[in-house]
Amino acid sequence: MDLRPWLPDVTGPSRRLVEALRVSGPSTRAQLVERTGLSRATVSGYVADLVDRGLVAPGDDAGAVETGGRPARLVHLTRRAGVVVGVDIGRTHVRVAVADLSHEIVGEETTTLPVADLDSDAVLDTVAGQVRAELRRAGACTEDVVGAVVGLPTPVVGRAASSRGTVARSNILPSWSGRTPAPALQERLGVPVIVENDANLGAVAEVRWGAGRGSCATLYLKMATGVGGALVIDGDLLRGVTGTAGEMGHVSLDPTGPLCRCGNRGCLELTAGGTALLRAINTAAPHYTDLRSLVAGAQDGDQACRRLIADAGASVGFVLGGLVNVLNPDRIVVGGELGTAGDLLVDPLRRALEQSAIPAAAEQLTVVPGSLGARAEVLGALAVALREADRLTG
């Protein structure tokens, strides 16, 4: 398949300016001088050339930045420079977002998946159709796509930003085990694709745009159907040798406990994962059919729901205490569907963590709910696509 390079006729200083705008978003000329190392005169000249070519445009007055004198105008990439696609595939949904290279989301839609039908080919057909639909609504087509990034709720084995990432053995998505979905979706759409673990993408988004901003070392926790996590240090993901770092849901709390889907016994996920919580609540209150209703019940004062969520938080906090001792992060961000329970989950988690972590580590740590909600993973996919545009098309 012939995947044309991204903006092949943009080279030299122009390329450096376009790359800086793609990664950082709308910027002033002074910021571009700082980010590229080019002189002020060079930046001004090449920005003017890019404006003439229709690839860069000045922002409106609302985007002006105060510099102590007159406002400095922002410049941004235009739609002509291309778009990126982010996809979040969950147990029951597919969320697709399209953004232009000035970091503006120009289309976003969520589709519900039938729980009984998670065949990988069927889901990828749904994704391809949804991507095309969002591109049409945004006034774009697949030829405009610089790259697409897909998040999956399962470990993805392979190097960072790889188009050949292989899905590890998965009980959440059993028909995906051993598959390399990036080439399969690339074949359907004709655009470059990479695949990544969804918790990694949620971590990237929260650090870049959400509750992890300003942190040096953020531990992101995704509490949903399962329990996943990721660590971002100085803006970079810690992926591990095979790309499976962060699978804290499979830390064993009881080596003689019940068998987990991963093959081990007594894993944290069996106590604190959404599947386990719904199974527990359904013995007393079968009307709670999903995590959204469980969280809503807790927020409305249902004591059984509150107790389950608090116990899950305490179990996770106990495990996180050990990780905090080893990794010494300055922030923990709690995301995922259960993360929307806010302090009902975070307070018991924080108390258990403080009891299991050494004081020197716990005292410098803040624990906060995620601020991006259900959109964290798809926003992270867009962030990675923006960052990896050259590698995707190289």
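Biologist: Which strand pairs with β4 in the antiparallel sense over seven bridges?
Modeller: Happy to start there, and please keep in mind that this is a predicted model. Strand β4 covers residues 83-89, and its antiparallel partner over seven bridges covers residues 93-100. Within this pair, V83 stands opposite D100. The partner strand is β5.

Biologist: And in β6, which residue is the bridge partner of R95?
Modeller: Strands β5 and β6 run antiparallel and are joined by seven bridges. Their hairpin has four residues between the strands, and H103 there takes a positive phi near 75 degrees. Opposite R95, the bridge partner in β6 is T110.

Biologist: Which strands stand at the edges of the open sheet of five strands?
Modeller: The sheet has mixed pairing and the order β6-β5-β4-β7-β10. An edge strand has a single partner, so one side of it is left without a neighbour in the sheet. From one strand to the next the twist averages 15 degrees. The edge strands are β6 (105-112) and β10 (193-197).

Biologist: Which helix lies across β7 and β10?
Modeller: Two helices are worth a look here. Helix α4 (residues 120-137) lies across β4, β5, β6 and β7 (145-152), at about 35 degrees to β5. The helix across β7 and β10 covers residues 181-189 and runs at about 140 degrees to β10. That helix is α5.

Biologist: There is also an open sheet of three strands; which helix packs on it?
Modeller: This sheet has the order β1-β3-β2, with antiparallel pairing. Its edges are β1 (27-28) and β2 (56-58), each with a single partner strand, so each has one side without a neighbour in the sheet. The helix in question spans residues 12-24, touches β1, β2 and β3, and makes about 95 degrees with the direction of β3. It is helix α1.

Biologist: In β3, what is the bridge partner of V56?
Modeller: Strand β3 takes in residues 74-77 and pairs with β2 in the antiparallel sense over three bridges. In that pairing, the β3 residue partnered with V56 is L77.

Biologist: How much space lies in the largest pocket?
Modeller: The lining of this pocket has 48 residues, and those nearest its centre are R91, K222, A224, T225 and E337. Elements that each supply at least two lining residues include β4, β5 and β6, along with α6 (198-209) and β11 (217-223). The space in the pocket comes to about 1100 Å³.

Biologist: Of the residues lining the largest pocket, how many are polar?
Modeller: The lining divides into three groups. Nonpolar residues number 14, and charged residues also number 14. The polar residues number 20.

Biologist: Stepping back, what is the radius of gyration of the protein chain?
Modeller: The chain has 14 helices and 15 strands. For 394 residues the globule rule gives 21 Å, and the chain's own value is close to that, so the chain is as compact as a globular protein of that length. Along its principal axes, the C-alpha trace spans about 65 × 50 × 40 Å. The radius of gyration is 22 Å.

Technical notes: Residues are numbered from 1 along each chain as its sequence is written. This is a predicted model: local features need pLDDT of at least 70, side-chain atom pairs count only at pLDDT 80 or more; totals for chains, interfaces and linings use all residues. Side-chain values use heavy atoms; hydrogens and water are left out. Two strands pair if DSSP finds at least two bridges between them. Axes are lines fitted to C-alpha atoms, for helices over the stretch in contact, and angles run from 0 to 180 degrees between N-to-C directions. Contact means heavy atoms within 4.5 Å. On a 1 Å grid over the protein atoms alone, a cavity is a set of points where a 1.4 Å probe fits but cannot get out, and a pocket is an open set with protein on both sides within 12 Å along at least five of seven lines; lining residues have an atom within 4 Å of a point. Grid points are joined across faces, edges and corners, and a volume is the space filled by probe spheres set on the points. Ala, Val, Leu, Ile, Met, Phe, Trp, Tyr, Cys and Pro count as nonpolar, Asp, Glu, Lys and Arg as charged, and the others, Gly among them, as polar. The radius of gyration is taken over C-alpha atoms; the globule rule is 2.2 Å times the number of residues to the power 0.38.
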